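User: I want to learn how labels are given to parts of a structure. Can we go through some, step by step?

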Amino acid sequence: MAIITISRQVAALGDEIATALAQRMDYVFIGRQAIEQKIIDLGFPAEKLKKYDERKPSFFASLTKDRDEYLDYLQTAVLEAASQQNCILIGRGAFAILEDLPNLLSVRFVAKDTIRRQRLMNEFSWDEKQATQRITESDANRSGFHKSFFNLDHENPAHYHLVINTGLLDIDSATETIINTCHHLVTNEKENAGKKKIEELVKAQHLVNKLIFEHKVNISFLKAIVTDKQVILQGVADSMAAVEKAVVISSEIMQGYEVESAISVVQDFKAYP
């Protein structure tokens, strides 16, 4: 019926509620390890994953080609997972990647620092200093990750349908709230529209991946928008030759679609030092 994305602060019970929710709704819970493995299976080197996966890239890491490749693979992994429908995805900016889906329900879990700190101290037998350090590090990494890859403030409640304080609601109450919201929010009409939209998003991402990884098209920030029988390419190139190449290849791949370019041409543009 719906695709549910979960954003959470560390020690705000995100994983626990997602697990309970999946059991109650008979949904597939797609957690961290599944997305990480999919990114690696798609072709991103495992040894480079820790530089980017739900953390703020270092200054130099943010300027490398690996950064954009990670984002392409991450978007592919999330979109393919969401195409299963009736699933729950946690973290990795899934709420931003899937924000245009009519049948999306995005939820964020938060709690006071004092409550999160006590939970960490209880779970790991840490002292207050260790728990505080973990909270500070995790919050900074997640903020940096969303700023770097999606240019947004993930703490802004406007990005979510629900923001739930797990210092006030327990796992059962939070789960019940989400289920009730989902039943009221996601109609059959929205579900059908969501299925169509996710198919278009998957096609668009697969096209981008083929252009970049198979055909080595030299276009930065490449994005494709697929609607009905039309494809619009966006991005930044340093020559018209690169744009024409992308359009020709896209027309061959997306037969039956009209391919148009909205790619900006900037002479001497260099994405990386």
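User: How many aromatic pairs does the count come to?

Analyst: This is a predicted model. By the ring-pair rule, the count comes to eight aromatic pairs.

User: Why is the pair of Tyr70 and Phe149 called tilted?

Analyst: Look at the planes. They stand at 55 degrees, and the ring centres are 5.3 Å apart. Centres within 6.5 Å make a pair. Under 30 degrees would be stacked, and over 60 edge-to-face. The angle of 55 degrees fits neither, so the pair is tilted.

User: Which parts of the chain does this pair link?

Analyst: Distant ones. Tyr70 is in helix 4 and Phe149 is in helix 7, 79 residues apart. Both Tyr70 and Phe149 are buried.

User: What makes the pair of Phe145 and Phe150 edge-to-face?

Analyst: Their planes are at 70 degrees, with the centres 6.0 Å apart. The cut-off is over 60 degrees, so this pair is edge-to-face. Phe145 and Phe150 are both buried.

User: Which residues do ring pairs link into a cluster?

Analyst: The cluster holds Phe44, Tyr70, Tyr73, Phe145, Phe149, Phe150 and Phe213.

User: How do you know that Cys182 has no bond to Cys87?

Analyst: Compare the distance with the cut-off. The sulfur of Cys182 is 11 Å from that of Cys87, the closest cysteine sulfur. A disulfide needs sulfur atoms within 2.5 Å. Therefore 11 Å is too far for a bond. The structure holds zero disulfides.

User: Why does Cys87 count as buried?

Analyst: Its relative accessibility is 0%. Buried means under 20%, so Cys87 counts as buried. Cys182 is also buried, with a relative accessible area of 0%.

Technical notes
Residues are numbered from 1 along each chain as its sequence is written. This is a predicted model: local features need pLDDT of at least 70, side-chain atom pairs count only at pLDDT 80 or more; totals for chains, interfaces and linings use all residues. Side-chain values use heavy atoms; hydrogens and water are left out. Helices (H or I, at least four residues) and strands (E, at least two) are DSSP runs, numbered from the N terminus. Buried means under 20% relative accessible area, exposed over 50%, partly exposed in between (1.4 Å probe, protein chains only).
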